[in-house]
Amino acid sequence: MAADTSQKVLFEQDGVFIHSNSNDDCIEQDLLISGSIRVVDKDGEFLVEYRPLEDSVDPSNMLCAGKDSSSVMEWGQSAEERPHQGLETQHSYETEWDMVNAISFKKKTFSNGDGALNHSQERYRWAFTFSVTDLRTITVKVDSWSSLFFKLKDTSISLPTLYFHQGGVSEFLDSLRRCAMLSESPEDESCLLVSTVNKTLSQSFENLLDDNNFGLVHKLKKDPYVTTLGGFSKVTNYLYDAFRGAEEQQRPPEERADLLGEVIPGLEINHQEEPGFEVITRVDLGVRPDVQRGEPLSPEQWGGHQDPEGRVVNVPHLKQVIFKGGLCHMLRKEVWKFLLGYFPWDSTLEERKAVTRDKTDEYFRMKLQWKSVSEEQERRNSKLRDNRSLIEKDVNRTDRTNRFYEGIDNPGLVLLHDILMTYCMFDFDLGYVQGMSDLLSPLLFVMENEVDAFWCFVSFMDQMHQNFEEQMQGMKTQLVQLSSLLRLLDLNFWNYLESQDSGFLYFCFRWLLIRFKRELSFPDVLRLWEVMWTGLPCQNLHLLVCCSILDSEKQKIMEENYGFNEILKHVNELSMKLDIEEILRKAEAICLQIKGCKDLPHSVSDIMGFNTDEDAAEAPRSEGPEPAKRSHSPSPSPSHRGLAFSNGHGHLRESSQNGCKVSFVS
């Protein structure tokens, strides 16, 4: 009984049938075994369960009931007398569902006690349970009803084909993808090959990165590659099994690097001369300028940038001050709303009050949607159950050392939970993905208000959305762009990484995924994010932050002759040891150095956003007058600002607007 209490239902679907052909008086008919299928997490083991319902639909009964509602039939044969039925159903029952609904069925009566036992045995012999780790393939067929046929690794075990009369095949497969990798068979497009991960690798992102509780250093030494990318169930769990062989032997580094290119299609950067490629034999970046950081924006400065009605004026200069020094903490609650687009820069104080009223009403309407769902409704809503389960799990371990979230029954945790649940109502398609709590936590900490934190989170997620989608197009694009920048800045270092099967910079995956949230102290995260939200000194500042960190670490990596695993381990050990002001200073200097390059490749200009005069004018200078105001002032919110890899609709893609990519030749 104790085991049942730890069981969590990840997916459940009724109306799943087995079409069992029987031969009764030489007249072939289909016996429809009606049941439900579930995917459950039982103490970390994922199981698929099929259970027949109490009264399965027998066509013989239905036909008799149609003719004479009082007629009752007995079983003509016991389970043992029935001929052995193969896995693939040869006939399908074509009776209309509305006819079934119009007929009342009576339970069968039996002439002796054994009959009841036989009936029970007949029904329950179709029940089955198997672990996802034992599953080899799934064959998907679509005829009058979609069906699934499971083939286990143990070929001596045969399972019946399941017919989803009420739909749900896609949702079932999606639930399996949370715990296994499903890939199309090259021989048969209707067959999905199933690969699963070792149980020890399926710990969540939070667990893998919790050094105190789970021994991060030990995990990194044992397998730093998988540990680096661990967690985020909907984003990265399908990478796990690719790092392991069929017998769960660890793959060599060079093979794992190749496999990542396969499981994340599109990451490979072509170094060959092909039509449309711009071949750069030498790029002179010139001397990197020396820049200095400034002081945080003060309350007096902030007040001086508002007119009598509360409009923010001279926004470009204000952004430059924030970029150079950030904000003093007491201003963050107000200024972050402008940086994230919750409030327009040119709105008056009264207009902002109206926005707050409208947004408050909208928020609580969405919150009421999930609050008012009954237990009975939630039992039939697998996606809501899944979101709630993940949120509750993540909330209980998000920033618990921070005073705002520490302790038992902390009200901050309740707000964190409620905001994330409400976001699932705002974005049904994405829902909740592990790691999103990391992005919300600093926002709620600063805002100290449920509604304000929610709408700021919505704006931030507009920027980060595709980082959390299963196709990971945002992550692919950013890694490609980062590789291009690093090759431009230091080709020798990039060549060294390439020689260690690290040229695709997979060790930066976590940096990009949650914007350095796990690499910096909490105050430094606040500083970095507000600086990035200014949109200065260029687009994709976070990529230059990566370059800045790597620039500081390249000497040690090369001098110590670090290999694939050592590079990953070293990068992970940088967490909480980084100086954010030095990183930002160097990132700005790199930006100015690249901007000053006379022969800058077009693709790099696209990444940096240097292809328009307005963007170039907005880039800050170490000395000199205030930068020109952008032509589309007031500055748009991040949710509408086109990033270097945005197509204007929130969908990320590789930056190659001019049909040019770059191949660097040493």
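Is Asn540 buried or exposed? Select Asn540 to begin: Asn540 is buried, with a relative accessible area of 6%. Buried means under 20% relative accessible area, exposed means over 50%, and partly exposed lies in between, computed with a 1.4 Å probe on protein chains only.

This is a predicted model, in which local features need pLDDT of at least 70 and side-chain atom pairs count only at pLDDT 80 or more, while totals for chains, interfaces and linings use all residues. Residues are numbered from 1 along each chain as its sequence is written, and side-chain values use heavy atoms, with hydrogens and water left out.

**Stop 1: the loop between H24 and H25**

Stay with Asn540, which sits in the loop between H24 and H25. Helices (H or I, at least four residues) and strands (E, at least two) are DSSP runs, numbered from the N terminus. Phi of Asn540 is near 65°, a positive value in a residue other than glycine. Now select Pro537, placed in the loop between H24 and helix H25 (541-559). The peptide bond that leads from Leu536 to Pro537 is cis, and its omega is near -5°.

**Stop 2: Phe516**

Go to the loop between H23 and H24, where Phe516 lies. Phe516 is not a glycine, yet it has a positive phi of about 65°. Phe516 is buried, with a relative accessible area of 1%.

**Stop 3: Leu505**

Select Leu505, in the loop between helix H22 (491-499) and helix H23 (509-513). Leu505 has 0% relative accessibility and so counts as buried. Not counting residues up to four places away in sequence, Leu505 touches Leu479, Leu482, Ser483, Leu486 and Leu497. Contact here means heavy atoms within 4.5 Å. Add Trp494 to the selection: Leu505 and Trp494 are eleven residues apart along the chain, and their C-alpha atoms are separated by 9.4 Å.

**Stop 4: H19 against H20**

Two packed helices are described by the angle between their axes and the distance between the axes. Show helix H19 (residues 436-447) and helix H20 (residues 450-464), which pack at an angle of about 140° with their axes 9 Å apart. Axes are lines fitted to C-alpha atoms, for helices over the stretch in contact, and angles run from 0 to 180 degrees between N-to-C directions. H19 and H20 are therefore oblique to each other. Angles under 35 degrees count as roughly parallel, over 145 as roughly antiparallel, 65 to 115 as roughly perpendicular, and the rest as oblique.

To see the contact, select Met436, Leu439, Leu440, Leu443, Leu444 and Met447 on H19, then Asp452, Ala453, Cys456, Phe457, Phe460, Met461 and Met464 on H20. By class, the contact of H19 with H20 has twelve nonpolar, no polar and one charged residues. Ala, Val, Leu, Ile, Met, Phe, Trp, Tyr, Cys and Pro count as nonpolar, Asp, Glu, Lys and Arg as charged, and the others, Gly among them, as polar.

Next select Lys337, in helix H14 (residues 329-339). Lys337 is buried, with a relative accessible area of 11%. Leaving aside residues up to four places away in sequence, Lys337 touches Tyr342, Phe343, Met447, Asp452 and Cys456.

**Stop 5: H19 against H24**

Keep H19 and add helix H24 (residues 522-532); the two axes come within 11 Å and cross at roughly 90°. H19 and H24 are therefore roughly perpendicular to each other. H19 contributes Asp438, Leu439, Ser441, Pro442, Phe445 and Val446 to the contact, and H24 contributes Phe522, Val525, Leu526 and Trp529. The residues of this contact divide into eight nonpolar, one polar and one charged.

**Stop 6: the cores**

In soluble globular proteins, nonpolar side chains tend to be buried together. A nonpolar core is a set of buried Ala, Val, Leu, Ile, Met, Phe, Trp, Tyr and Cys residues joined through side-chain atoms within 4.5 Å. Which members of the largest nonpolar core touch the most other members? Select Leu544 and Ile594, which do so among its 123 residues. H20 supplies the largest share of this core, ten residues. A second, separate core has 31 residues, including Phe130, Leu148, Leu159 and Leu173.

**Stop 7: Leu47**

Finish at Leu47, in strand E3 (residues 45-52). Leu47 is buried, with a relative accessible area of 10%. Among the residues that Leu47 touches, not counting those up to four places away in sequence, are Arg38, Val40, Phe130 and Val132. Leu47 and Thr133 are 86 residues apart in sequence and 8.6 Å apart in space, C-alpha to C-alpha.
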